[in-house]
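Let's take a walk through this protein, from the overall picture down to individual side chains. Keep the viewer open as you read.

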Amino acid sequence: MSSTPLPLTPSDTATPAGAPAQAATPAAPPAPAPRQSNRAALGAGISIAAAAWAFWWNSLGNDFQFDDQFSTTHNSDLLGYEDSLWGVLRALIGGFYKNRPVTNLTILANYRAGSLVDQLASESPSEFHAALSANFGRLAPMGYRLVNVFIHSVNGVLVFFLVNRMLNGPRAARDPWRPARSWPVAWAAALLWTAHPIHVMAVTYVTQRATSLAATFVLLAALAFFRARESPGRVVWRRAILLAAVLLLGVEQLGCAAFLLTTWTRGGTIDPAGPIGAWLGTWLMVTSAPAVIAAAGLCFPRVRDAAAAGLALFDRLWKGDGDQAAESGGAVRQPSRWAWWPPLVTFGFTARALFGFAIWTRESDAPLAALRAGPGALALGVWFAACGSSLLVAATAILPRSVAGGGPARLWRLALAGALFVAAILAKENAVLLVLSLAAMAATVGLPGTPLLPGRRTRVAVAALLLAAAALVAPLFWIGQLQDHWKIGEAADSVVHYVKEMWSPNLSQRNFSMGERLMTEGRVVMRYLGLLLLPLPSHLNVDHHVIPSRSLAAPPATLAAMLALGALLAAALLLRRRRPLLALGVFFFFAHHAMEATIIDAELMFEHRNYTPAIGVALIGAVAGARALRRAPGWCGGALAGAAALALGWVTIDRNATWATAVSLWEDAAAKSPKKARPHGNLAAALGDEGSRLDRRALRSDLTAEEVADLRARAEAVYRRQLEEATLAVRSVEQNEAFLTQYEMTLGNALRRLDRLPEALEVYLRILARLRPAVQLDVESAVALCYAQLGEQTGERRHYEQAVPYYLTAIAVEEQSRALRVTQLRRDDTFADSYHGLAYVFERLGNRDAAEHYYRKALGVLEVHREARFYLGQLLATTPGREEEGFAHLRRFAAEYPQDARAAAIRSKVPPGPQA
């Protein structure tokens, strides 16, 4: 079979009649871009990585902040992790980020490594191992922060290589501002980017590992893509698209399969006669044919020609015979006008199957039990077999039959770029914007190497890639919705609700609609630019207060910001040819803000969103600096870049110190956003935790009476501050029921800790009255605790009796959820507190059997529950005939908490013996 010739370029058109024939002169290949020496690259990389570690070193000992507890220490899917495939799957698609399995995988690796450290410390007790466990254990923040800083240091080196590629683009030489040597400018840009304090939130904040990790894969994917273009020869597209099918749409359908897996394993099987069975059967018939043919062609060389013929036949069934003449003439065919509807049909089948299953099971109350084998596993295998072939249908309609030449290095580098791109999206969804930044490079400095596809097929292939990437992101949202809802029908309702609330602030938890968010983001992006250009410590904040724009004139800065950004984009478009490097910096910045600065349902402003966009600003700054110093001695540029990096690093170190504790972080935020509720509310919660730590320290046996009194006084002062901040938060909160409940709970807790129990009870009951009939677990427990403390304060039996039903309600709901669901509604320590509180109330009511039962339940949930262990031992020690069992519990309490003041009394009064 003869190879198919490449399509003609405009310069290769036929010679007009009568014109003298001219010999075709092949165009000379472009001269390779100058590259820095390996020694220079090594030195630049080491200095950039060293800067990252130097400026973030003081963050390693910081506490977990903000949502870090929910992604690490309070992540129920990590705490319940099992050494099994099912346990890993739970950890990857559960927890805080249900739709970011790659990020969850790194958190799981941190947790697992910490568990090994804890195990080593328990098996080989010593001061060294105890210190190792305290700093690098599974719930210690230092290990997680080490990984974050390492990721940032790697990203700094990758930014150096990416910027160097930008400076050496095929059309970059036309820019008069382009420096003679590219690598010093790339080094300066990467160093400034690495040291910038706006990245503190993306690096120091463990939860935002998703942002920095996605940037790692984005940068690696871009560099692998450039290397693929620079490889000799052409890609054999038939094999490349088979591999792309697995990497792109296969992963997209993997998300759908994971969705249905979690559905099937939570109750029920597929009914072949039901809606899902009918649609799945139709889909299997449509997609299985190309899968079988392609697999046969790949696995058995003897039937490869027959497989190619079968794919061609299947292609004609989809497309008709519009391109047969072109193919028979031996020319590479152009894309069909119907090339888009096969992938759309495939995605339609996916969506219809999901929604059909949701509707079919909407009224189902089947128990959420695990179905890990049998019919469910077989159906899942069939689903995967169908999903893996979906992109083949689109590929046969879009991509050419064959391309002359070989090039396995190019093929595998392209495959690596695709795999890294998929990993980036699975780390954080906005990594899909890599396609826009590559388009910005193509429109300005050009992409290195030769095109992967000739002619207009390049645009078609890029559009197909965009469609596949969008399809990859969509089912991840479904997985996240499923994890948060009891039934599939509720998850479907949540998706519909999400679409509605995009344009209605009354439905959304936000105080703005998505249209208002779009207008507001113009002002936000301008503030981002200000922070990038002048990152003063007084301007950096973990929680900026942004007033939503209600119209273009309210506030007036809305229209001005949008006009300024429009002018900036227009200038970049006009300068695209004359100043391609400056235009690329502008386009790169806007490209990576194109998702979070639009209409998505998210907070208005967070500094970590500038992590990748800041590369564009760093490029502009480095190029402009090199231009300004073009006549200065060579060492001036490096000295200026180093001085600027030191200045930025000093602010970074200062910001990391602010992030050291929750109190210092939210004190800073409350001072900078005094009219916003969340900084005050979070500061109040942090003060409550600080007061609790002081109270626990006051229980130590090695303290004098004066030291205990001092600690109690300090705790009371902290609680009074907590009350003030919680009051400010409740007054400042806008119409948002979730935040109002959170801040009123903090207010009630502050009142309760100050022994203002009637006022605290009034706040708790007000919350319940507003949120009934839904059960509010934490509020139920708080009301019960308040009644129990009132009983202690007044000695009235009726208060203890009033506490019982609230404790029982909270415990019953939690027990039911743990029996039916993989994840629990509350943490083990909170759940154990409810059991302990109920046991204490029953003991005060004289029901010693019930008290013993619930003390044991508390220890069953959390074996190290301090109070349950002590009170159970005290209860049994005062029960005739069970004194020795009680003494065993008390001895264990004294051994586990030797510094507790009660332990000294136990050691002096309880005779020696075995522990419980």
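What follows starts with the whole chain and then visits a handful of local spots.

First, a caveat: this is a predicted model. In terms of secondary structure, the protein has 39 helices and 0 strands. There are 916 residues, and 51% of them are buried. If you take the contacts with a sequence separation of 6 or more, 74% of them are between residues 24 or more positions apart. On the outside, the protein exposes about 40,900 Å², with carbon and sulfur atoms supplying 63% of that area.

Now for the charged pairs. Side chains of opposite charge can pair when their charged atoms come close. A search of the whole structure turns up 33 salt bridges. A good place to look is Glu744, whose side chain forms a salt bridge with that of Arg766, at 3.4 Å from N to O. Glu744 sits in helix H31 (residues 737-753) and Arg766 in helix H32 (residues 757-771), so this pair ties together parts that are 22 residues apart in sequence. Glu744 also meets the side chain of Arg770 in a salt bridge, this time at 3.0 Å from N to O. Here again the link runs between distant parts of the chain, with Arg770 in helix H32 and Glu744 in helix H31, 26 residues apart.

How buried or exposed are the partners in these pairs? Glu744 counts as buried because its relative accessibility is 5%, and the cut-off for buried is under 20%. Arg766, at 36% relative accessibility, is partly exposed, and so is Arg770, at 29%. In other words, a buried Glu744 pairs with a partly exposed Arg766 and a partly exposed Arg770.

For a salt bridge within one helix, go to helix H34 (residues 797-820), which holds both Arg797 and Glu801. They are 4 residues apart, about one turn of the helix, and their side chains meet at 3.1 Å from N to O. Both ends are partly exposed: Arg797 has a relative accessible area of 47%, while Glu801 has a relative accessibility of 40%. Elsewhere, Asp543, Glu603, Lys676 and Arg678 are joined into one network by salt bridges that share partners.

Next, a couple of loops. Asn168 is found in the loop between helix H7 (141-167) and helix H8 (182-195). What do the polar atoms of its side chain reach? One of them lies 3.0 Å from the backbone oxygen of Asn164. There is also a polar contact of 2.6 Å between the side chains of Asn168 and Arg178. Although it is a loop residue, Asn168 counts as buried, because its relative accessibility is 14% and the limit is 20%.

Arg576 is in another loop, the one between H24 and helix H25 (580-591). With a relative accessible area of 25%, Arg576 is partly exposed. Its C-alpha atom is 8.5 Å from that of Val445, although the two residues are 131 residues apart along the chain. Leaving out residues up to four places away in sequence, Arg576 touches Ala443, Thr444, Ala583 and Phe587.

For a piece of the surface, look at Leu552, Leu559, Met562 and Leu563, which make a nonpolar patch of about 350 Å². Leu552 belongs to the loop between helix H23 (514-533) and helix H24 (557-574). With a relative accessible area of 41%, Leu552 is partly exposed.

The last stop is helix H39 (residues 901-909), where Arg902, Ala903 and Ile906 are buried. Why do these residues line one face of the helix? Looking down the axis of H39, its buried residues fall within an arc of 105°, so they share one face. Their cover includes helix H37 (866-877) and helix H38 (883-896). At the start of H39, a side-chain oxygen of Asp900 comes within 2.9 Å of the backbone nitrogen of Arg902. Arg902 therefore turns up in two roles here, as one of the buried residues of H39 and as the backbone partner of Asp900.

Conventions
Residues numbered from 1 in each chain as written. Predicted model: local features only at pLDDT ≥ 70, side-chain atom pairs only at ≥ 80, totals over all residues. Heavy atoms only, no water. Buried < 20%, exposed > 50% of the residue type's maximum accessible area, 1.4 Å probe, protein only. Contact = heavy atoms within 4.5 Å. Areas by Shrake-Rupley, 256 points an atom, 1.4 Å probe, with all protein chains shown as cover. Arc of directions from axis to C-beta. Polar contact = N/O pair within 3.5 Å; in protein donor to acceptor, adjacent residues only side chain to side chain. Patch = residues over 30% accessible without salt bridge, like charges linked within 9 Å, V, L, I, M, F, W, Y side chains within 5 Å. Salt bridge = Lys/Arg side-chain N within 4 Å of Asp/Glu carboxyl O.
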